[in-house]
Amino acid sequence: MSATVPESGSQPTRREAVMSALGAIVGFIGAALAVPLVAFLFGPAVSGTRPGGLLGRSIPPTPRSRAPWSPVGELAALPQGQPTLTTVQLPVQEGWIQSTMAVAVYVERTGPDSAVIFDLHCTHMGCPVVWNQAAGRFLCPCHGGVYDANGRVLSGPPPRPLDRYAVKVDGGVLYMGALQLPGA
Amino acid sequence: MWRRLVSWVDERLNIMPLWHGFLDRKVPKGIGWFHVFGSATLFLLLVQFATGIFLTVYYAPSTEHAYHSIEFITDQVPFGKYVAGVHLWSASMLVIVIGVHMLRTFVYGAYKYPRETTWITGVVLLFVVLAFAFTGYLLPYDQKAYWATVVGTNIAGAAPVVGDWALRILRGGTTVGVLTLQRFYAFHIWVLPAVLVLFVAAHLFMVIRQGIAAPPRRRPLDLGPAGATLPRREQYERQYAMEKQAGHPFYISILKDAVFALVLFLAVSALAVTVGTPLEPPADPNATSYVPRPEWYFLDFFQLLWYLQGQWEPLWIFLIVLGVLLALLLLPFYDRAPERHPQRRPFAMACAAVGIIGVLGLTYLGGRKPAATQAPPAPSAATAPGAREFQAQGCAGCHTIGGVGGTVGPNLSHIGGAMTRDQLRTFITQGRGGMPAFPQLPPAVLNALVDYLESLK
């Protein structure tokens with residue numbers, strides 16, 4: 001079994017032409033498959049978002065509510081000036097699944113008809129922050145992030161205050177709205 | 001019977017020359033126990049494939065069922081604990097064996113000409129295996145799985161410009177849940193194995209095509225007076241032919257590979273039977289008492305996050321990951337000196353030592369008991385209330401005393417010798433630098449804390 005391709009003559013250029021055609025066909029099929037496949041993989045996850053800035057950021061993994069407002073409870077029943085871990089029932093859609101999920105948030109009444117609602121994830125890497133009543137601080141167990149009762153960063157690596165949800169009070173009932181992510 | 005079958009097949013396919021060419025080909029002298037880690041990696045990958053494929057028979061990739069399907073495997077399926085345990089422990093073993101394999105290749109300078117491409121495919125395989133690990137440990141959907149994925153995907157979000165997209169592509173949106181588990185499963189079961197098989201095939205093809213690199217010599221083999229004028233390829237081929245001349249057939253080395261594979265198999269089996277697959281409670285996105293900790297091979301990076309602070313932290317994280325990736329990938333291109341013997345590469349060896357000490361040190365620091373789960377040691381009964389307050393107020397989240405606690409703030413094990421009571425009091429109530437102020441502490445608590453801290457000398 002020896003090579004059958006001659007060393008010279010018109011054959012090599014013919015082979016080159018065939019190879020080029022082969023390359024073009026393979027390239028076309030590859031690209032024609034790759035575009036829909038990449039869009040298939042990325043599509044729903046990134047559609048409608050813009051590229052980020054020079055500094056990346058964490059995003060809370062909390063399920064997003066499909067409803068604009070969800071009731072948290074009677075505002076008057078909440079202790080003032082003290083964040084309280086509360087679960088709120090949110091209508092949620094994940095892909096093909098619609099469900100109602102209990103989502104934990106820190107709720108704090110700040111006045112007779114005002115309140116703030118904090119997401120419970122540290123803005124550094126998303127670990128769950130713990131309200132330490134004795135110290136009056138939110139503490140993150142992962143890398144030492146410390147926040148005050150207003151969610152302001154006092155110490156450690158968190159790059160921004162605790163993320164908040166929109167709130168409204170209607171008829172004495174506190175409602176929770178969308179997550180207020182900076183720059184979103 | 002077996003011989004007749006072999007000769008029947010061989011008469012048709014003429015395979016024996018290939019088989020003998022593979023087994024009888026000579027390998028250089030000195031290919032010994034240090035070289036078993038490459039084949040050990042291949043062995044453990046095969047174990048992963050075998051156990052992983054069978055695990056999918058019972059595993060259900062859904063947030064509702066994943067955890068219970070793992071419980072079913074380990075508690076009810078015959079040998080389920082063993083199969084899942086071997087999959088888990090050989091994954092951990094794989095990370096160690098790959099590390100030693102890379103280290104051996106580095107120390108022997110085997111990534112240099114003409115084996116640059118083997119090194120590059122090897123580095124790609126390292127990151128493929130880490131991607132396997134990252135996607136794999138979400139699958140049981142226990143607490144560790146969920147929270148490690150929250151943190152891991154947020155780390156991807158630190159990348160400039162594309163970070164937001166990378167995070168969303170990994171999670172399948174912003175929520176860690178149904179879609180995240182489904183795509184991690186798809187990557188773990190289909191995408192990564194396909195990539196792995198391609199690169200392992202390329203890696204092995206290169207190893208067999210070029211032969212195993214001879215152990216480095218302090219002085220290169222003498223090619224005679226004309227040797228130095230020969231082209232590089234010619235010089236290399238002549239020297240490698242001399243190395244092989246002095247070597248032994250490959251089948252002799254295979255025995256060492258097999259013995260080491262057997263040792264690994266027994267070790268992994270023993271771990272699977274005795275320790276099994278430790279499962280944490282089911283994933284609870286609403287848990288606030290949980291202290292996230294990654295699998296041991298990511299602890300070094302997790303610990304590194306203590307030291308990167310401030311506004312530019314995301315960029316630092318990105319640059320460190322990118323830097324490590326490029327430093328490894330491009331090693332054969334920026335280290336092109338022909339010298340391979342470790343004693344003649346002091347700078348390269350020093351870099352390796354710093355790298356190893358760094359990884360081991362960070363892993364050790366990251367692996368200590370999670371902070372703030374227990375009160376630090378108190379020197380006397382009188383100061384015990386202060387030690388309890390130290391823990392209750394969350395001080396141990398940042399400060400270490402007697403080996404327990406965080407590292408973001410100064411170690412306070414001997415603070416009593418460095419500060420007076422008044423200084424301590426001022427520091428706690430007013431804060432300074434990274435230390436937040438705690439002005440609202442009741443006097444009794446403050447006094448207990450100061451008593452305790454002052455007693456630490």
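# Briefing: chains A and B

Ala145(B) touches Tyr137(B), Leu138(B), Leu139(B), Pro140(B) and Ala283(B), leaving aside residues up to four places away in sequence. The model is predicted. Ala145(B) is also one of the residues with the most contacts inside the largest nonpolar core. The points below cover the cores, chain B overall, helix α9(B), the contact between the chains, and the strands of chain A.

**Nonpolar cores**

- The largest nonpolar core has 94 residues, and those with the most contacts inside it are Val105(A), Val129(A), Leu44(B), Leu139(B), Tyr141(B) and Ala145(B).
- Helix α5 (residues 80–107) of chain B provides the largest share of this core, 12 residues.
- A second core, separate from that one, has 21 residues and includes Ala135(A), Leu441(B), Leu446(B) and Tyr452(B).
- In general, nonpolar side chains of soluble globular proteins tend to be buried together.

**Chain B overall**

- Chain B contains 18 helices and four strands.
- Its C-alpha atoms fill a box of roughly 90 × 60 × 45 Å along the principal axes.
- Chain B has 457 residues, of which 36% count as buried.
- Among contacts in chain B with a separation of 6 or more, 74% join residues 24 or more positions apart.
- Val359(B) lies in helix α15 (residues 346–367) of chain B.
- Because 15 other C-beta atoms lie within 10 Å of Val359(B), this residue is partly exposed; a buried residue would need 20 or more.
- Val359(B) and Lys144(B) are 215 residues apart in sequence, and their C-alpha atoms are 22 Å apart in space.

**Helix α9(B)**

- Helix α9 of chain B spans residues 178–210, which makes 33 residues.
- From first C-alpha to last, α9(B) reaches 47 Å, close to the 48 Å expected at 1.5 Å a residue.
- α9(B) bends by about 40° at Phe187(B), and Phe187(B) is also one of the buried residues of this helix.
- The other buried residues of α9(B) are Val178(B), Thr180(B), Leu181(B), Arg183(B), Phe184(B), Tyr185(B), His188(B) and His203(B).
- The packing partners of these buried residues include elements of both chains: β2 (84–94) and β3 (97–111) of chain A, and α4 (66–75), α6 (116–136), α7 (143–156) and α8 (163–171) of chain B.
- Gly211(B), just after α9(B), takes a positive phi of about 80°.

**Contact between the chains**

- Chain B puts 57 residues into the contact, and chain A puts in 47 residues.
- On the side of chain B that touches chain A, α7, α8, α9, α12 (299–307) and α13 (313–329) each supply at least two residues.
- α8(B) gives the most to that side, with six residues.
- The residues on that side of chain B comprise 35 nonpolar, 19 polar and three charged.

**Strands of chain A**

- β2(A) and β3(A) pair in the antiparallel sense over 11 bridges, with Gln89(A) opposite Ala102(A) in β3(A).
- The hairpin of β2(A) and β3(A) has two residues between the strands, and Gly95(A) takes a positive phi near 60° there.
- Four further strands of chain A form an open sheet in the order β5-β6-β7-β8, with antiparallel pairing.
- β5 (130–132) and β8 (153–155) of chain A are at the edges with a single partner strand each, so one side of each has no neighbour in the sheet.
- β6 (residues 137–139) and β7 (residues 146–147) of chain A pair in the antiparallel sense over two bridges, and Leu139(A) has Val146(A) in β7(A) as its bridge partner.

Methods: Residues numbered from 1 in each chain as written. Chains lettered and ligands numbered in written order. Predicted model: local features only at pLDDT ≥ 70, side-chain atom pairs only at ≥ 80, totals over all residues. Expected span 1.5 Å × (residues − 1). Bend = angle between axes of the 7 residues up to and from the residue. Buried ≥ 20, exposed ≤ 12 C-beta atoms within 10 Å, placed from the backbone. Contact = placed C-beta atoms within 7 Å. Core = buried A, V, L, I, M, F, W, Y, C linked by C-beta atoms within 7 Å. Nonpolar A, V, L, I, M, F, W, Y, C, P; charged D, E, K, R; others polar. Pairing = 2+ DSSP bridges.
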